[in-house]
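Here are some notes to read alongside the model, for anyone meeting it for the first time. Have the 3D view open and follow the points in order.

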Amino acid sequence: MSSQNIYILGIESSCDDTSAAILYNDTVLSNVVATQKIHEEFGGVVPELASRAHQQNIVPVVHQALKEANITKEQLHAIAFTRGPGLMGSLLVGTSFAKSLAYGLDIPLIDVNHMQAHILAHFISEDGFTKPIFPFLGITISGGHTQIVKVTSHFNMEVIGETIDDAVGEAYDKSGKILGLGYPAGPEIDKRAQLGNPKAFQFTKPRVAGLNFSFSGFKTAVLYFIQREVKKNPNFIAENLNDICASIQYTIIGILMDKLKLATKETGISHIAIGGGVSANSGIRKALKDGEQKFGWTTYLPKFEFTTDNAAMIGIVGYLKYLEKDFAQSDVMASSRLKI
C-alpha cells in the first residue's frame, strides 16, 4: 500500500440510485445516495425515468459529497465511476459526468465493475469490521444478480456459480407482488418473516446442477400456491401473511446455503464475504453467522450502508486501482452487460 494520501470521488449510477462518495485512501469521508421513489408506483424500475432522475440528481449529489467531506473538487486525485453492468441509460449519465469532470480537473479517470465493487466494499476501513483474507468466496445477492465468486486477490476473481434466470432479489420482489406487498418487497418479507413460522408452508427448491442458481421456478411455485389457497379461502393471504413470508424466506435462505456449502466443499475455501442489497436481509445474515458454528466458516458481513448500490464501494475500487495506476482512457464506454 502507498503512503500517499489520496482523495477519490466515486460515482454510482447503475440502476435507480444516484450516489457520490469521497474516500481518503480506504476511509469513507462521505457517501451520499439519492433514492428514486418514483419507481414504487410501477412495482419496478422504469429505465427511462431512472436515467432522467440521474441527470437531475448527479450534480447536487456530488456537490453534497464534497461538502460533507469538507474538501474541494480541486483536491481530488481521481474520479472512479461505474462502467457496468446496469441500465444503459443510467450508466451513460454517470460515465459522461465522470469523464467530463476528470477532463476538466485534469485528473485520472477510473472505470469500475459494479459487481467487483460489491465484493471489494469489504476493504473499506471501518471500526469493528474485518477485511477478508485471500482467498475467499464472495457471494453477491441483489435485485439483478446472484453470484458466487472465487476471490484470489483484489482483481483476480472467478465466477464459479450464478443464476440462470431470476436473481434472489427478483424472487423476493415477485413473491411480494403476488402477496400484494409494495416495491421493493424484500425488506417487508424479511420483517414479516421474523413474526411467522418458517415451516408453515413448504416450497420446493429448484434443482440446478453445480453451483448455479435458479429462482424462476420458485417464484412460479409461490404463485400457484397462492392462487390455489386463495381459491379455497379468499382471506388466505391476510390470515397467513407472516407465515407465508417466513416460509418464502426460509426456502430462499435454504437455496443460498446449499450452494454455499457445496462451494466451500469444492474449493476448500471457508472464508465467505457477502455483498449486494439483499445481504442486508436479517435472515440471510443470521444463516451465515450460524455457518461459522455449524460448518467452521469465517464470514464477513458489510456495514448496511455499503450493501445496496452506493458510491463508497465504487470509491474503494477506485483507490485500489489508483495504487496500481490502472486508469481508464478518455474514450472508455459504459457497458450494460460487463462481466467480472
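1. Let's begin with one of the sheets. Strands β8-β7-β6-β9-β10, in that order, make an open sheet of five with mixed pairing. At the edges sit β8 (156–162) and β10 (298–300), each of which pairs on one side only. Going from one strand to the next, the twist averages 25°. Bear in mind throughout that this is a predicted model.

2. Now zoom in on β6 (residues 136–141) and β9 (residues 271–275). These two strands run parallel and are joined by four bridges. If you want a pair of residues to find your bearings, look for isoleucine 139, which stands opposite isoleucine 274 in β9.

3. Which helix packs on this sheet, touching β6, β9 and β10? That's α8, covering residues 282–295. Its direction makes about 155° with that of β10.

4. Over to another open sheet, again described by its strand order: β3-β2-β1-β4-β5, five strands with mixed pairing. Here the edge strands are β3 (27–35) and β5 (109–113), and each has a pairing on one side only. The twist in this sheet averages 20° from one strand to the next.

5. Within that sheet, have a look at β4 (residues 78–84). It runs parallel to β5, and five bridges join the two. Phenylalanine 81 stands opposite aspartate 111 in β5, which gives you a handy spot to centre the view.

6. Two helices deserve a look here. Helix α2 (residues 88–105) packs on the sheet and touches β1 (7–12), β4 and β5, with its direction at about 160° to that of β4. Helix α9 (residues 311–323) also packs on the sheet, and its contacts take in β1, β2 (17–24), β3, β4 and β5. The direction of α9 makes about 135° with that of β1.

7. Stepping back to the whole protein chain, you'll count nine helices and 10 strands. The radius of gyration is 20 Å, close to the 20 Å that the globule rule gives for 340 residues, so the chain is as compact as a globular protein of that length. Along the principal axes, its C-alpha atoms fill a box of roughly 65 × 45 × 30 Å.

8. How much of the chain counts as buried? The figure is 53% of the 340 residues. The chain exposes about 15,300 Å², with carbon and sulfur atoms supplying 49% of that area.

9. A last point on contacts: take those between residues at least 6 apart in sequence, and 73% of them join residues at least 24 apart.

Notes: Residues are numbered from 1 along each chain as its sequence is written. This is a predicted model: local features need pLDDT of at least 70, side-chain atom pairs count only at pLDDT 80 or more; totals for chains, interfaces and linings use all residues. Side-chain values use heavy atoms; hydrogens and water are left out. Two strands pair if DSSP finds at least two bridges between them. Axes are lines fitted to C-alpha atoms, for helices over the stretch in contact, and angles run from 0 to 180 degrees between N-to-C directions. Contact means heavy atoms within 4.5 Å. The radius of gyration is taken over C-alpha atoms; the globule rule is 2.2 Å times the number of residues to the power 0.38. Buried means under 20% relative accessible area, exposed over 50%, partly exposed in between (1.4 Å probe, protein chains only). Accessible areas come from the Shrake-Rupley method with a 1.4 Å probe; for residues, only the protein chains shown count as cover.
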